[in-house]
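Work through these exercises with the model open beside you. Try each task before you read its solution.

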Amino acid sequence: MIPAAAAFALYLVGIVSRPFVYAGFLLQSGYLLYRGALIGRLPLVGVHDTLNFLSASLAGFAAAVYITEYPERKFLSACSGMAALFTVLSLLRPPHMGPLPPVLDTHWFELHVALSFFSYALFGVAAVLGVLYLRSPGLREERLQYRVAFLGYAVFSISMIFGGVWAHLAWGTYWLWTPKELWTVLIWLYYSLYLHARLVGGWAGRPSAVLGTAGFAVVIFTYLGVGLLMKSSHSF
Amino acid sequence: MKPGVSVLGGILDALLSTRTALWLLLVEIGFFVAGAVLMPVLPSYGTMNASALFYWLGAAPLRATWWLWGAIGVLILLTLNTLVCSLDSLMRKREGRRFLLIISPQIIHAGFLLLLLAHLVSAAGAAKQNVLAREGSRFRLPGETTMVVKDVDVAVSSEGFPLDWRATVAYYKAGRALKEDVVGPNRPSFHEGIGVYIQDVRPGAVLLLLSREPGAPWALAGAVLFTLGTLLLLALKILRE
């Protein structure tokens, strides 16, 4: 828990000073590696581990976009603030330490969950770019939001393949009718809507940027809201 | 122009429009949100995963299923919209220079249609049956095959938490041994389209699920095609910039 608290502090300072974002990312990644070594698998079970995984992924993707494509201070600051928020939320729940249910002990599960959180993080970065575009419209932010969200969509699709294969091997069906699965399809439909909206007059520009930004709220509700509130194969 | 021809032209124009796809997606999202809200509160959904979807739809009350009927209706329209748009795109732009850029969205669309086909096939033809078996139990499967549960093995932690489990099953036909398989977590046994899964275990006994999911190969093919098309289109768009 202490490294996660330290990562939170680093991300918080990272809002005003860039090197602290990198330090927070490195510390949080190290913490996740340590957790992985401790439990002998990727730390992807429970709210504590998954929120740290989401935070580190978000900070990592934000840093990559900042370094390679979009060296704007306000962008990295906003992403650092978001990473800090998810990290402090992770401190509200203890890390999962018990034995893993046998059905989760498979690489299909690890790939499914890891890629899901990578895509969530990409959707988060796209949302930040969307907010920056809406505050001062520029072609660069809008294009970058589209590319990052599109990459998130591709990664999300791959995670759904792995999830389907895993479900078929574990429960005898690639699809279960539960609220979580419905919300997962909602994310997919929603970002399909966003990707198509950019092509149509009247929807391109601000409306599609709003869709790409609001999509992250759907993602977070699917992850935390549905996971915590509704009973399904994805319950925490 | 005759009124009938102009109506047909209007329908074709609507089906050719990406704007139609947007509105259909919006309505579909609305139906799915309604379903996600209703699902945890209505008892009818307790049996939804126990049988083929169309069988459940026929038996469940309309106040629980209206959103799903609506979603299926919208999916039919989306299928038509996707087919017409894809055909139109392929017919209009045949120049070789941008071939991959033109074909990649159509690969995504083909993947989407295969996924829908998979759900349709499973919704009509899926079957599930639970079987409680003790070591030595014998069951008749479709196709005159008999399955025997030879042994059940459960590993339990010192706190009583099940760590692993295994059941050895053997298949026979007309008294002749066909094959022997081990079923465990994430490790079903497949025989002639039927998957055998362990749902629960007790020392010496096991709750098995016999499942037929005829849409699974179509779903895998559709998902792979969808993702390949998405990755191809993404790479082309990034390279073009």
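The exercises below cover a pocket, some surface positions, backbone angles and salt bridges in a predicted model.

**Exercise 1. The second largest pocket**

Task: Find how much space lies in the second largest pocket, and which residues are closest to its centre.

Solution:
- Step 1. Start with the general idea. Rolling a probe the size of a water molecule over the atoms shows where empty space is left.
- Step 2. Read the volume. The second largest pocket holds about 1200 Å³ of space.
- Step 3. Go to the centre. The lining has 38 residues, and the closest to the centre are His196(A), Leu199(A), Pro105(B), His109(B) and Leu233(B).
- Step 4. Look for the helices. H6 and H7 of chain A each supply at least two lining residues, and so do H2, H4, H5 and H6 of chain B.
- Step 5. Pick out the largest share. H4(B) gives eight residues to the lining.
- Step 6. Sort by character. The lining has 20 nonpolar, nine polar and nine charged residues.

**Exercise 2. Buried or exposed?**

Task: Classify Leu12(A), Leu57(B) and Pro71(A) as buried, partly exposed or exposed.

Solution:
- Step 1. Set the cut-offs. Buried means under 20% relative accessible area, exposed means over 50%, and partly exposed lies in between.
- Step 2. Take Leu12(A), in helix H1 (residues 2–14) of chain A. Its relative accessibility is 43%, so Leu12(A) is partly exposed. Leu12(A) also joins Val13(A), Ile15(A), Val16(A) and Phe20(A) in a nonpolar surface patch of about 410 Å².
- Step 3. Take Leu57(B), in helix H3 (residues 53–59) of chain B. Its value is 3%, so Leu57(B) is buried.
- Step 4. Take Pro71(A), in the loop between H3 and H4 of chain A. Its value is 53%, so Pro71(A) is exposed.
- Step 5. Check a distance. Pro71(A) and Thr222(A) are 151 residues apart in sequence and 31 Å apart in space, C-alpha to C-alpha.

**Exercise 3. Positive phi**

Task: Locate Asn186(B) and Glu192(B), and give the phi of Asn186(B) and of Glu192(B).

Solution:
- Step 1. Recall the rule. Most residues other than glycine have a negative phi.
- Step 2. Read Asn186(B). Its phi is positive, near 60°. Asn186(B) sits in the loop between strands S5 and S6 of chain B. At 14% relative accessible area, Asn186(B) is buried.
- Step 3. Read Glu192(B). Its phi is also positive, about 50°. Glu192(B) sits in the loop between S6 and S7 of chain B. At 53% relative accessibility, Glu192(B) is exposed.

**Exercise 4. Salt bridges**

Task: State how many salt bridges the structure holds, then describe the pairs Glu69(A)–Arg147(A) and Glu180(B)–Lys150(B).

Solution:
- Step 1. Recall the principle. Side chains of opposite charge can pair when their charged atoms come close.
- Step 2. Count. There are nine salt bridges over all chains.
- Step 3. Take the chain A pair. Glu69(A) and Arg147(A) meet at 2.9 Å, N to O. Glu69(A) is in the H3–H4 loop and Arg147(A) in helix H6, so the pair ties together parts 78 residues apart in sequence.
- Step 4. Compare burial. Glu69(A) is partly exposed at 32%, whereas Arg147(A) is buried at 17%.
- Step 5. Take the chain B pair. The closest N and O atoms of Glu180(B) and Lys150(B) are 2.8 Å apart. Glu180(B) is in strand S5 and Lys150(B) in strand S3, so this pair ties together parts 30 residues apart in sequence.

Notes
Residues numbered from 1 in each chain as written. Chains lettered and ligands numbered in written order. Predicted model: local features only at pLDDT ≥ 70, side-chain atom pairs only at ≥ 80, totals over all residues. Heavy atoms only, no water. 1 Å grid on protein atoms, 1.4 Å probe; cavity = no way out; pocket = protein on both sides within 12 Å on 5 of 7 lines; lining within 4 Å. Points joined across faces, edges and corners; volume = space filled by probe spheres on them. Helix = DSSP H or I, 4+ residues; strand = E, 2+ residues; numbered from the N terminus. Nonpolar A, V, L, I, M, F, W, Y, C, P; charged D, E, K, R; others polar. Patch = residues over 30% accessible without salt bridge, like charges linked within 9 Å, V, L, I, M, F, W, Y side chains within 5 Å. Areas by Shrake-Rupley, 256 points an atom, 1.4 Å probe, with all protein chains shown as cover. Salt bridge = Lys/Arg side-chain N within 4 Å of Asp/Glu carboxyl O. Buried < 20%, exposed > 50% of the residue type's maximum accessible area, 1.4 Å probe, protein only.
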